[in-house]
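Reader: Got a minute to go through this one with me? I'd like to start with what the words mean.

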Amino acid sequence: MFRTEIPFIAHPQLLPASARVLTVGSCFSDTIGKRLLDAKVQALVNPFGTLFNPLSACKLLRAAAGEELDWQQHLVEARGRWQSFDLHASIGADSPVDLLQHIQRLVQQTGDFLRTADVVILTLGSAFVYRLLETQELVSNCHKVPADRFDQELLTPDEIINAVAETHAFLRLQNPKLRFILTVSPVRHLKDTLPLNAVSKSVLRVACHYLSELLTDVAYFPAYELLLDDLRDYRFYAADMLHPSEVAENYIWERFTRTYFDSDFGRFQKEWMSVQQALAHRPLYPGAPEHRQFLESTLARLQRLATQADLRAEIRDVEQRLRSLPVPKPVAAPELEEDGEERIDIGQVPSEVIVPLITTDEADENTEDDEAEATEETATIVEDVQAEEAAPLPAKKKRRSRGGAKRTARKKAAQLAALAATELPLSVDSIEEASSTEPTPNAEEVHNSSDQQPEEINILALVPEVDPAPAELLEESTLQPASEPEAVGMPALAEPTTPMTATPKVRKGRTAGQILKAKSGRKSAKATVSTVPKAPRANSAPRPSRRKAPTEEPTAPIVETPLVTLPEPVPEPKPVEVPEAPTTANKRRGRPPRKSAAKTDEPTPTI
């Protein structure tokens with residue numbers, strides 16, 4: 001919490017939206033009264049003008065209620081016109097007679113309103129008053145008359161209490177239901193200086209406290225405290241730093257309505273504020289049809305709210321706006337697009353169909369007529385059918401078969417079977433036998449046979465069984481070049497330029513150990529060469545190998561090759577022996593280095 005908020009306490013007797021309110025007093029009563037009028041509350045706002053003096057305001061209220069008062073002795077000519085010391089400077093006339101007549105009309109109008117009023121809001125502005133030396137009477141306004149004709153005085157709380165209590169009792173004699181709401185104006189008076197302004201406000205506040213405690217139907221609304229204690233910031237003041245800003249006025253007005261008006265008034269206010277914004281709208285093009293619809297909807301809302309407040313002036317204004325709008329142009333009906341279809345107008349269907357009464361004779365005649373018409377229609381239909389059968393039939397469009405996926409699968413299967421038959425080294429007899437027994441289906445035949453589904457082709461059935469050749473024959477075939485095939489229709493193979501040797505094929509998916517095992521079998525001849533192994537170190541023990549033992553797998557057979565004599569190699573110089581570094585305990589662990597065969601001066605023996 002960054003502020004001292006005044007607690008909200010609703011009055012026990014809440015006012016409806018139809019309440020009649022009279023405001024009298026300082027400029028703050030003008031602000032509250034104007035907002036009451038905007039809210040469509042029946043209010044009479046400061047009929048005698050702004051009054052700062054509490055005693056002068058009470059005297060005018062009693063005069064409006066019927067108390068006699070000599071208005072003529074307080075008339076004065078000032079600033080080029082006639083005015084009264086008891087009224088505000090805004091009330092004046094060119095002659096004393098006109099001024100007196102105007103005052104009488106104001107008093108009578110205020111008296112009539114008081115007799116039916118519900119609440120009187122009395123706002124006290126200042127406790128300082130001015131007394132006219134000529135008549136020794138208090139005045140409400142000096143009208144810029146020289147100050148030497150007046151004497152300034154400070155009222156006491158008792159004088160204010162007596163004047164308000166007397167006025168309250170006098171008015172309730174004519175209107176027993178009348179209630180009083182007292183407020184102290186939050187506007188500061190710098191003319192009296194700030195210290196004296198504080199004294200003046202203090203006197204007024206004390207008087208209001210005792211009045212609200214002693215008199216019935218008298219309440220105090222804390223407008224002064226809301227601005228000085230609740231809001232308590234210069235941002236809530238106007239440019240003159242004396243009057244409250246619009247934000248502060250809205251806040252005080254909201255608290256006032258929530259304290260003294262019921263919930264129906266609050267709901268009416270929300271709807272009425274929306275209608276006010278609609279009434280203030282000014283269109284860019286008044287002749288637009290949307291603006292007419294907007295005014296019609298606003299008029300409907302006003303008529304609905306007219307049951308809660310007097311909105312006759314607003315309704316007349318909206319009706320006048322509607323009459324001033326140009327006549328709307330007729331909207332042409334949209335033409336239907338022609339789609340080439342013939343339509344028959346059947347006219348309007350009658351809502352009630354009258355069925356006439358038919359006698360027995362008429363029924364028999366109608367039955368005979370119906371039978372004759374049915375016979376004629378039957379004969380016509382038979383003739384039409386015979387004519388259609390005699391007419392030549394149009395060429396039927398070939399329908400596309402929907403078995404494309406199946407045909408594609410069969411075609412691919414046939415192609416794979418043909419490819420496998422050409423790649424396999426089959427003998428001529430086996431091929432002729434296979435071709436004579438089960439010929440390979442042609443792709444065009446499979447494609448054309450769309451209506452009949454052939455049986456599934458077994459590729460393995462097309463390949464004849466071949467007896468496995470003996471091992472000796474296999475060895476001879478590996479050493480000799482392949483001969484040309486004698487089969488008719490088989491493509492001739494190109495003659496190899498180099499002798500083909502049987503090399504073991506490495507199977508896919510073998511492990512590293514299996515590959516190493518296969519390589520070790522091929523190099524078994526080289527491994528038989530006598531090499532001088534390197535002597536193990538004296539101080540180091542043999543480390544166990546971390547490699548996994550390869551799984552035993554049958555190796556490819558070793559093919560014997562003819563012996564070839566190799567020339568004697570040139571002896572290489574002995575490498576310089578480098579002393580090995582001593583092993584330490586902090587030697588890095590890891591994969592052991594590969595051991596290379598020691599080089600010797602002896603020549604490599606031939607196989």
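Author: Sure, beginning with burial: buried means under 20% relative accessible area, exposed over 50%, and partly exposed in between, with a 1.4 Å probe and protein chains only. This is a predicted model, where local features need pLDDT of at least 70, side-chain atom pairs count only at pLDDT 80 or more, and totals for chains, interfaces and linings use all residues. Residues are numbered from 1 along each chain as its sequence is written, and side-chain values use heavy atoms, with hydrogens and water left out.

Reader: Ok, Ser 29 then, buried or exposed?

Author: Ser 29 counts as buried because its relative accessibility is 1%. Ser 29 sits in helix α1; helices (H or I, at least four residues) and strands (E, at least two) are DSSP runs, numbered from the N terminus.

Reader: And what is Ser 29 in contact with?

Author: Beyond its neighbours within four places in sequence, Ser 29 contacts Thr 23, Val 24, Val 45, Asn 46 and Thr 123. Contact means heavy atoms within 4.5 Å.

Reader: What about Gln 72, buried or exposed?

Author: Gln 72 is exposed, at a relative accessible area of 57%. You'll find Gln 72 in the loop between α2 and β3 (75–78). Its C-alpha atom is 7.4 Å from that of Leu 100, 28 residues away along the chain.

Reader: Switching to confidence: what does the protein average in pLDDT?

Author: The average is 75, and 59% of the residues score at least 70. pLDDT is the predictor's confidence in each residue, from 0 to 100. Among the elements, strand β5 (residues 119–124) has the highest mean, 96, and helix α16 (residues 471–479) the lowest, 43. Over residues 426–464 pLDDT stays under 50, and the model has 32 contacts beyond four places in sequence for them.

Reader: How many residues are in the largest nonpolar core?

Author: There are 49, and Leu 22, Phe 48, Leu 114, Leu 122, Ile 160 and Leu 182 have the most contacts inside that core. Its largest share, eight residues, comes from α2. A nonpolar core is a set of buried Ala, Val, Leu, Ile, Met, Phe, Trp, Tyr and Cys residues joined through side-chain atoms within 4.5 Å.

Reader: What does Ile 160 touch?

Author: Not counting residues up to four places away in sequence, Ile 160 touches Pro 54, Leu 55, Leu 124, Leu 155, Val 203, Leu 204 and Ala 207. Apart from the largest core lies another, of 29 residues, with Val 41, Val 119, Ile 121 and Tyr 237 among them.

Reader: Why is helix α6 largely enclosed by the rest of the structure?

Author: Because seven of the nine residues of α6 (residues 223–231) are buried. Those buried residues pack against α1 (27–38), β9 (179–184), α5 (194–214), β10 (218–220) and α7 (246–260). Just after α6, Arg 232 takes a positive phi of about 55°.

Reader: Last one: which residues lie nearest the centre of the second largest pocket?

Author: Phe 52, Tyr 130, Asn 141, Cys 142 and Lys 191, out of 30 that line that pocket. On a 1 Å grid over the protein atoms alone, a pocket is an open set of points where a 1.4 Å probe fits, with protein on both sides within 12 Å along at least five of seven lines, and lining residues have an atom within 4 Å of a point. β6 (128–132) and β8 (150–154) each supply at least two residues of the lining.
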